Protein chains: 2
Amino acid sequence: MSQFSFVIPGEVVLGAGVVNKLAEIGKSYGSKAYLCMDPFLEISGVGSEIEGLLKKDGVDIVKFTKVKPNPSCHDIDEGADLCRKEKCDFMVAVGGGSAIDTAKAIAILAINPGNSWEYIARSDREFRTFSESLPLIAVPTTAGTGTEVTHYSVISNPDIHEKGCIHNKVLVPDFALVDPELMVSKPPKLTAYTGIDAMCHSLESFLNVNSTPFPDMIALESVSLVARYLPEAVANGTNIVAREKMAYASTLGGVAIALAGTILPHGLGQPVSGLVDMPHGASMAASLGHIMEISYTSNIEKFARLAECFGEPLDGLSTYAKAEMSVEFVQRLLKDTGAEVTFGEYGLTEADLEKTAEIAVNNYSFDLNNSPLKVSKEEIIEIYRNCL
Amino acid sequence: MSQFSFVIPGEVVLGAGVVNKLAEIGKSYGSKAYLCMDPFLEISGVGSEIEGLLKKDGVDIVKFTKVKPNPSCHDIDEGADLCRKEKCDFMVAVGGGSAIDTAKAIAILAINPGNSWEYIARSDREFRTFSESLPLIAVPTTAGTGTEVTHYSVISNPDIHEKGCIHNKVLVPDFALVDPELMVSKPPKLTAYTGIDAMCHSLESFLNVNSTPFPDMIALESVSLVARYLPEAVANGTNIVAREKMAYASTLGGVAIALAGTILPHGLGQPVSGLVDMPHGASMAASLGHIMEISYTSNIEKFARLAECFGEPLDGLSTYAKAEMSVEFVQRLLKDTGAEVTFGEYGLTEADLEKTAEIAVNNYSFDLNNSPLKVSKEEIIEIYRNCL
């Protein structure tokens, strides 16, 4: 145990019905809310529920629903113009990871100069920094992203087909209202992909070579919950207990990555979903099973510990055999939840592999360097090819 | 799982040598530190080490060492006069729970009116509230109190022989520098009592009827660490691994009580150490074994879960039998660490029991109400008598 630190700066409120606290919390920041929301929530009724909660308590709303998967920096810049013009007091983000990441970036631009892409952290050029952003209440409607508790905002630049990440501790939402009742209507496929994303956050944090005891504990709790409850949440979406446990697992996964960080498969999946329009969770699911297979020998003890989270009998097995079982358990989870997918299904082709691997090496070196399994550019191409 | 929330607002930095970050962190608040410190640290060399770290980086120091076990509200008021007069920018608290609780109370009075006892939360009279206090960096030198991460300050009023608690989220230290190297010189008895205090924080939080999944997870990790490492920390104080693990366990215990709260034995021990001068940890150790014995049937599942943290084989035992084992494991830990003690050894007598139980019922009703085992005033007297 070497030196390590932890803090969970935003307040997390979980449970069925917690969204009803929205207006009360929001009013501590002011009377004008910027509501950044997934557009389909307007159809599903969740949107009008949220608006009703705010209006009933006298909060004015400026609404922005130009939110897309892998949010575009141009949409964000447009949203920021609206926020500045309307002089909103605080942000409310309702939706999946895209809505919350869009809101985080708008929260920066609301009180800082420039455009969103200029804030992307890069090793190959200067980028803008900041020390304040507008207060933000995050209300996730999927269980997976964890962005409601992280200091990241991941956005895309369609002009150059790249994704990038803004990271700053002030981006942690002041409040995360994690309400499983908002998640029960999510379809099985989306539930599976987002749930696998939560699994990736947790196991990647745990396997990260820089991980430390506090995020390890949180990651393992999250892995256990996903292993146990994701199949049920996919099969019976209205099972509120399964949704609650997945909502909690997702938030724990977010805390874990905020403290320890991702490795593979995030380092390989993100470049793909920057290039082709693939849902974030699917881009993780596409390589997770294969990456487990080729990397479990890189840290036998930790992979064995992962296997123990799946609640299956492992009595009498050696540490090595348990580590092997972790591969099988994860692959079985992908299969049982219908999350088996390939990069090719979303349009990645053999001709893209060289460029995609190049982006991984250049822009996701943190993820690659912190993996217990070190991979060269050639090996990354080979992984992509295996998952095509 | 009903609604619950969590946040860890202060940054915790753990590990051998982390105290060296003190000046760098302190200077972000200003150039004049109020150093509130246990007086014996001046003799041990830790005091001069801390002063050296601050001065080397150009931080001016105003020193206050009138810190006693069960800190007196009068000493705190005197310390606050000094802090106001010297216009310090931030507080540094170095020592056990008393030094940190003293510093927390001074941090309030530095920028708020009145005296310390007026801020004690009470159900039977009005009390002062506040929304700001001076920034505080806590450097614990014992592993047990957990106050480096809590929003509590427990202080005593010698005029009326009572203890009381100030609680407010701004009392959470901005930084906790938890450095096991500062703990290696602590004698076995002190190590044992403070370690049992950490155990109490964790198991009381876990058993608290209002506990929730997040503090449960943290509490169980802490119980496992104390069970495994406290005997070694007592037997071989210079074993830095054992000290590290206990330091971490203690901080986790603090996070757990901050989120879930204590029950018995805190509800019964605190009134005793307000009345007679008994170290806080000893006042917990005096009743812990007996309370385990009389309360394990109040929540068989949770006591069984506690037993599983002790790393002993429990294969084939029923949940009930495991719960019974938790009693034996805790009593054995008390014995093996030399923490067996009675209230009588510190001067509590039969004649005090009625009054002490009265204080428990009136001032510690939260602890009593949140215990899975409900106890009447008469039963409290009987518990005290059993531990006399």
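How many salt bridges does the rule find across the interface of chain B and chain A? Keep that in mind while we walk through this predicted model.

**Stop one: the two chains.** Color chain A and chain B separately. Rotate chain B by 180°, with 0.0 Å of shift along the axis, and it superposes on chain A with an RMSD of 0.0 Å. That is how two copies are related by a two-fold axis. Both copies use the same surface, too: 100% of chain B's contact residues recur in chain A.

**Stop two: the interface.** Now select the residues where the chains meet. You should have 29 residues of chain B in contact with 29 residues of chain A. Together the chains bury about 2,500 Å² between them, and carbon and sulfur atoms give 64% of that area. As for the opening question, the rule finds zero salt bridges here. What you can look for instead are polar contacts: nine residue pairs, both partners at pLDDT 80 or more.

**Stop three: chain B's side.** Highlight β1 (4–14), α7 (213–235) and α8 (240–260) of chain B, since each supplies at least two residues to the side touching chain A. The most comes from β1(B), with 11 residues. Color that side of chain B by class and you get 17 nonpolar, seven polar and five charged residues.

**Last stop: the paired strands.** Select β1 of chain A, residues 4–14, along with β1(B). These strands pair in the antiparallel sense over seven bridges. To see one spot in the pairing, zoom in on Leu14(A), which stands opposite Phe4(B) in β1(B).

Methods
Residues numbered from 1 in each chain as written. Chains lettered and ligands numbered in written order. Predicted model: local features only at pLDDT ≥ 70, side-chain atom pairs only at ≥ 80, totals over all residues. Heavy atoms only, no water. Least-squares fit on C-alpha atoms with pLDDT ≥ 70 in both. Contact = heavy atoms within 4.5 Å. Buried area = accessible area lost by both parts, 1.4 Å probe. Salt bridge = Lys/Arg side-chain N within 4 Å of Asp/Glu carboxyl O. Polar contact = N/O pair within 3.5 Å; in protein donor to acceptor, adjacent residues only side chain to side chain. Helix = DSSP H or I, 4+ residues; strand = E, 2+ residues; numbered from the N terminus. Nonpolar A, V, L, I, M, F, W, Y, C, P; charged D, E, K, R; others polar. Pairing = 2+ DSSP bridges.
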